[in-house]
Amino acid sequence: MKSVKESLLERTSVRRYEREAIPQETMDFIYDAIRNTPTSYNGQQFSVIDIDDQSLKEELYMMTNQKQLKTCNRLLIFLSDYNKITKLAEKKGFEVPPFTNTMDAVTIGIIDASLAMMSAVVAAQSCGLGTNCVGYLRTVDPKRLAEMLKLPKGVFVVCGLAMGIPREQPDLKPKQPASVVFHKNCYRQDEDKMVEEMEAYDDIVKQYNQTRAGGTSTNDWCDHILDYYRHAMEYRILDYLRDQGYDVKR
Ligand SMILES: Cc1cc2nc3c(=O)[nH]c(=O)nc-3n(C[C@H](O)[C@H](O)[C@H](O)COP(=O)(O)O)c2cc1C
């Protein structure tokens, strides 16, 4: 088993996998790690759909054009889930406040599901597996995916996680330097210096993109990220949340 340090610091997204299945005891460990995730007031407002059905994986690949969805051994879909508590409360005769109509509920569900996904990533890495978070599953066609996965009201997709025995070892991607990630006691006030440091980082990513193993590009980091934002302006996530029973008002 890899150390926590190695699991965290040598992790890269892996999108190519061997055909071999993930051993059951490894899956058991990943499940336990997910279940023991810290969650908001232990509400555990998340659940996970574990997909091993090849035809379903291929259908998801057709929807997204993300090859790793069909070649991974397991695809875990992390959900924000208020269905479980609602159904239990109803059975016990409690009145359920319309909590899912608040941004707080949406935020909590996303945080819980995201932390659970990170527990899975670290557990999987420590067992030598390769993982790739797939957020595109959340945005590509939310209504269709909710139907395919038979999601009840109060449940929505936060992110997918493809896992398998790695067939590639991509280079580590350069990340932002500590100076722009960490602030001491309050948000840093030297904005000009921060922008200079961000420019230097942008150059490092540009150089990395020109030389990295397996597919080079001339992209700089800033424009690449803005490209996503430009594209994502089209998404209508509130409409999707409404379809799933969340009428967010405040
Ligand atoms: C929430 C989230 C969504 C992501 N969505 C996708 C995706 O749809 N497709 C993909 O290939 N990678 C996806 N990734 C992986 C990122 O592209 C990757 O983590 C990032 O480029 C940094 O590379 P690294 O993981 O190798 O450090 C996603 C990662 C996160 C955390």
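Me: What makes the 4 strands an open sheet, and in what order do they run?

Reply: Keep in mind that this is a predicted model. The 4 strands line up as S1-S2-S4-S3, with antiparallel pairing. Strand S1 (46–51) and strand S3 (130–134) each have a single partner strand, so one side of each has no neighbour in the sheet. On average, neighbouring strands are turned by 25° against each other, direction ignored.

Me: How do you know that strand S2 and strand S4 pair?

Reply: Pairing takes at least two bridges between two strands. Strand S2 (residues 74–81) and strand S4 (residues 155–164) have 8 bridges, in the antiparallel sense, so they pass that cut-off. For a spot to look at, Leu-75 stands opposite Ala-162 in S4.

Me: Why is the protein chain called as compact as a globular protein of its length?

Reply: Set the two radii side by side. The radius of gyration is 20 Å, and the globule rule gives 18 Å for 250 residues; those are close, so the label fits. The C-alpha trace spans about 60 × 50 × 35 Å along its principal axes. As for contents, the chain has 12 helices and 4 strands, and buried residues make up 24% of the 250 residues.

Me: Why is Lys-92 called exposed?

Reply: Count the neighbours. A residue is exposed if 12 or fewer other C-beta atoms lie within 10 Å of its own. Lys-92 has 7, so it goes in the exposed class. You'll find Lys-92 in the loop between helix H5 (83–91) and helix H6 (103–126). Going by C-alpha atoms, Lys-92 and Tyr-187 are 46 Å apart in space, with their positions 95 residues apart in sequence.

Me: Which residues surround the ligand, and what makes up that shell by class?

Reply: The residues around the ligand are Thr-12, Ser-13, Arg-15, Gln-66, Asn-132, Cys-133, Val-134, Gly-135, Tyr-136, Cys-159 and Lys-173. To make that list, a residue's C-beta atom has to lie within 6 Å of the ligand. By class, the shell has 4 nonpolar, 5 polar and 2 charged residues. Don't be thrown by Gly-135: Gly counts as polar here. Strand S3 gives the most to the shell, with 3 residues.

Me: How is the protein chain divided into domains, and how many Å apart are their C-alpha centres?

Reply: Domain 1 covers 4–170 and domain 2 covers 171–234. Those bounds come from an automatic or database domain assignment. The C-alpha centres of domain 1 and domain 2 lie 27 Å apart.

Technical notes: Residues are numbered from 1 along each chain as its sequence is written. This is a predicted model: local features need pLDDT of at least 70, side-chain atom pairs count only at pLDDT 80 or more; totals for chains, interfaces and linings use all residues. Helices (H or I, at least four residues) and strands (E, at least two) are DSSP runs, numbered from the N terminus. Axes are lines fitted to C-alpha atoms, for helices over the stretch in contact, and angles run from 0 to 180 degrees between N-to-C directions. The radius of gyration is taken over C-alpha atoms; the globule rule is 2.2 Å times the number of residues to the power 0.38. A residue is buried if 20 or more other C-beta atoms lie within 10 Å of its own, exposed if 12 or fewer, and partly exposed in between; C-beta atoms are placed from the backbone.
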